[in-house]
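Hi,

Here is the structure I promised to pass on to you. Have a look at it first, and then read on for my notes on what turned up.

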Amino acid sequence: MATCGVTDGMELEQTELVIPQQYLCCPICEEEFKQPKFLPCLHTFCNPCISGHIDKNIDEDNYFPCPVCATEIKNEQDAAPLPENILARRLSKVSSSTNLKPQTLCWFCKNAGNFVDAVTFCDVCQNALCPTCTESHQTSEETDNHSLISIDEYDARVESKQEEGFAKNSHVIPKCCELYDAMDIGAVFCIDCDLLICADCHVNNHGNHRCAELTTVAGHFESKIKDPLEELNDDEKELDEALLRLDKSEEVIQNQTKELHKVVKKRTKFLSDLITEYENMLIEEVNKRNTQKKDEIANRRYDIKMHLKSINGVKEFTENLLSYGSYEEKVFLRKKVGYRIRELCEETLGTDEVETLTIKLTKPNVTVETICNLFGELSEKGTDTTEHRKDSNANIYHLNLENGHGSHCSDTAENTEPELEEIFNQAQETQYNSGSDSDMLSASNNSENFRNVKFSEEIEKTEYETENCFELGDPKKETELPAVIQRECIKGIGINSKGDMIIGTTTTGSQMVYVLEKRGIVKGTVHVDNGWNIHSISSDGKVAMTIPRGDNRFKVRVLENDGTGHILSDSNIESFGLNFVTADNKGSIIVTSNRYAKLRSHHGKSAKSGGNIAFYSKDGLLTKRITNDDFHEFGLYLLEKPQCVAVDNKHNLLVVTDPGSNTVIAFNLKGELIFEYGNSDTEGEIYQGPDLISIDKYGNIIVTDKREGRIDILSSKGQLKKSFLLDDIPRFVGTLPDKLLVIVMPEGTMKYYEYL
């Protein structure tokens, strides 16, 4: 138990309280606070602990994370040291005061195992002594000059020091002068000056200020803070529930993973057994064919040997007859020998070669997709937000074991995660265009045994159609742009990978870049140097600035999109007009324009009309230019008036809007065409723009046509996933990392929608 202190020398109502240990201990060292300091996030630490943490974790931008909540905090100790937590200091003093109990037992006797009450206290040794030890202390030559006091005097001194400590630490608000007395009926607190003032100072110096009694101000604070605290309590409950759902989801995923491991191993064993069976069949057929050929060769060898023996027998018989036979014997046997020789000469020799056909095992029509189809396909079946809150089994993995193929849902396009949708489309296309698995197994042999090897079922070709046009409906939340931004002329808006909004503005004589966190609160600003003009802001938040340097020459600077103002690229370039300027993550500058320079043999360098996309190195050297000439052989005329550019290094995408041809064109970062989407003779009129372009974290392309009041979601291959219709013309459209579509309206309202 501990007792509250006093304020300004006046003892307030004494209230016994139990101080929780976590309020008195530093989260870093887990010991009682030493010089407690608190951060802007209101977490408190020992001064040595937080100073060491800052030294170890501060980054190049002079920011460090809070050790507890990881809030990014700018280190400003040089300008203003961290404030002291006076509450933690007082509570720790109160807690420690409970340990300052008078010493009631003799120190020497206690160490010897005897518990004897003390009667005196030695100021030099700082030990309590019993009567016997007191006498020994006074008679010993080493301690006879020590000062001893009674134990009662010592107890009174301890209590006095405690009260003195409380009084010393109680002065937390500055006073007007030494005449201030909290007990004075005229003593008040000046709200405008944050000062405790006496009656005289109130009249003389603070007559026009807002003043009230200290208890009234404290009571007003207590009443006003209750509603925000209740809101925080509700947020805390919601977050706790979210953590519970995450724990439950993690448990479900772990269980699913174990089950899927079993399923995959079972599928592997099934396929392995099937392959082993097929292997045995192949080997049996090879052995059979080998035996047939070997038997044919053996029979041919036997026939040749027998024919040789017949010839040898006739030759031997005839030679003996000719050498040793009499005339009568020769005459008698002449017909038989002639007949046999003539018979052997007319007989086929059988010397034709045995045909040995080359038997090969043909290369199977096996691809990665085939193997994937044999194993089955992992698919996710999602639920909406309401169902998710009711049931933690939001994402359930399915693996069809019956037919050897992954199961597909009719609503796959809507429920599949963006990363998996492209895989699904590829697998589906491969599945429809390839032959069955049984064809693959039977094609390598004509044996009747192999013709019977088939899978239990063959997949049927199915197609799904979905309506792509949607209404945005009610936003998930709405906020307002800060008034200071709405008063200025907005040059462009972008959103970086952290969800921070980068806004470039201009007023008379000055330009500014604002950095807003996703709730619309200004977290930083970047002043644009004199002479520079904000030209373009890409959808990912890179700010491009320019300075004209003469005929078709420009000084170009691109700022990183982290809101720090650090320069990503800074160089001089040559261009016949700038429609849009940005840079990729490596600092290569990308410029779109309607004309470009071309060297002519008689007229030198001149501007050629035609939309183009130019790439410049950090040094300002032209490294590549995409023009219509690159696609002339394909009969394509892609670029007319290219405008906005969105670059995504992660997905190897560069997407350009062209209001001149009313199309969206996508390239890879090598400049190779991926797709063209928009108005055509076959598709009809789709766009009157398009005006804005951005790429989300999954590689989806968000196209905005302001005049059509339309937002299209395209895949990275140029397939239309969804179209949203708008009732008003937006100022900006982009995406947050947490799958929200952000639309900034002309009146400054920011609306957030779920779009996937």
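**What I found**

Starting with the overall picture, residues 24 or more positions apart account for 44% of the contacts in the protein with a separation of 6 or more. Please keep in mind that this is a predicted model. The protein has 756 residues, and 37% of them count as buried. Its secondary structure comes to 15 helices and 39 strands. About 46400 Å² of the protein is exposed, with carbon and sulfur atoms supplying 50% of that area.

**A buried aspartate**

The residue I would show you first is Asp696, which sits in the loop between β33 (692-695) and β34 (701-705). Which side chain of opposite charge is nearest to Asp696? That is Lys721, 7.0 Å away, and Asp696 is buried yet has no salt bridge. For a salt bridge, the side-chain nitrogen would have to be within 4 Å of a carboxyl oxygen.

What the side chain of Asp696 does have is backbone company. One of its polar atoms lies 3.0 Å from the backbone nitrogen of Tyr698, and the backbone nitrogen of Asn700 is 2.8 Å from a polar atom of the Asp696 side chain. Leaving out residues up to four places away in sequence, Asp696 touches Asp648, His651, Ile702, Thr735, Tyr755 and Leu756.

**Salt bridges**

The count comes to 15 salt bridges, and three of them seem a good place to begin browsing.

- Arg210 and Asp192 meet through their side chains at 2.9 Å, N to O. Arg210 lies in the loop between α6 (199-205) and β12 (211-212) and Asp192 in the loop between β10 (188-190) and β11 (195-197), so this pair ties together parts that are 18 residues apart in sequence. Arg210 is exposed, with a relative accessible area of 53%, whereas Asp192 is partly exposed at 41%.
- Lys269 and Asp273 form a salt bridge at 3.1 Å, N to O. The two are four residues apart in helix α7, which puts about one helical turn between them. Lys269 counts as exposed at 55% relative accessibility, and Asp273 is partly exposed at 39%.
- Lys555 and Asp570 pair up at 3.2 Å, N to O. Lys555 lies in strand β23 (residues 553-559) and Asp570 in strand β24 (residues 567-574), so the bridge ties together parts that are 15 residues apart in sequence. Salt bridges that share partners join Asp529, Lys555, Arg557 and Asp570 into one network. Within that network, Lys555 counts as buried at 17% relative accessibility, while Asp570 counts as partly exposed at 30%.

**A buried proline and a nonpolar patch**

Is Pro36 buried or exposed? With a relative accessible area of 3%, Pro36 is buried, because anything under 20% counts as such. Pro36 belongs to strand β3 (residues 36-38). Setting aside its neighbours within four places in sequence, Pro36 is in contact with Thr44, Phe45, Pro83, Glu84, Asn85, Ala88 and Arg89. Pro48 is twelve residues from Pro36 in sequence, and their C-alpha atoms are 9.2 Å apart.

On the surface, Phe221, Ile225, Leu229 and Leu232 make a nonpolar patch of about 380 Å². Leu229 is in helix α7 (residues 214-324) and is partly exposed, with a relative accessible area of 42%.

**Backbone details**

A few backbone features are also there for you to check by eye. A cis peptide bond joins Gly689 and Pro690, with omega at about -10°. Pro690 lies in the loop between β32 (673-678) and β33.

Asp194 is not a glycine, yet has a positive phi of about 50°. Asp194 is placed in the loop between β10 and β11 and counts as partly exposed at 48% relative accessibility. Asn652, also not a glycine, has a positive phi of about 55°. You will find Asn652 in the loop between β29 (645-648) and β30 (653-658), where Asn652 is partly exposed with a relative accessible area of 36%.

Happy browsing, and do write back with your thoughts.

Best wishes

Terms used
Residues are numbered from 1 along each chain as its sequence is written. This is a predicted model: local features need pLDDT of at least 70, side-chain atom pairs count only at pLDDT 80 or more; totals for chains, interfaces and linings use all residues. Side-chain values use heavy atoms; hydrogens and water are left out. Buried means under 20% relative accessible area, exposed over 50%, partly exposed in between (1.4 Å probe, protein chains only). Contact means heavy atoms within 4.5 Å. Accessible areas come from the Shrake-Rupley method with a 1.4 Å probe; for residues, only the protein chains shown count as cover. Lys and Arg count as positive and Asp and Glu as negative; His and the chain ends are not counted. A polar contact is a pair of N or O atoms within 3.5 Å; within protein, one must be able to donate a hydrogen and the other to accept it, and residues adjacent in sequence count only if both atoms are side-chain atoms. Patches are made of residues with over 30% relative accessible area and no salt bridge: like charges are joined within 9 Å, nonpolar side chains (Val, Leu, Ile, Met, Phe, Trp, Tyr) within 5 Å.
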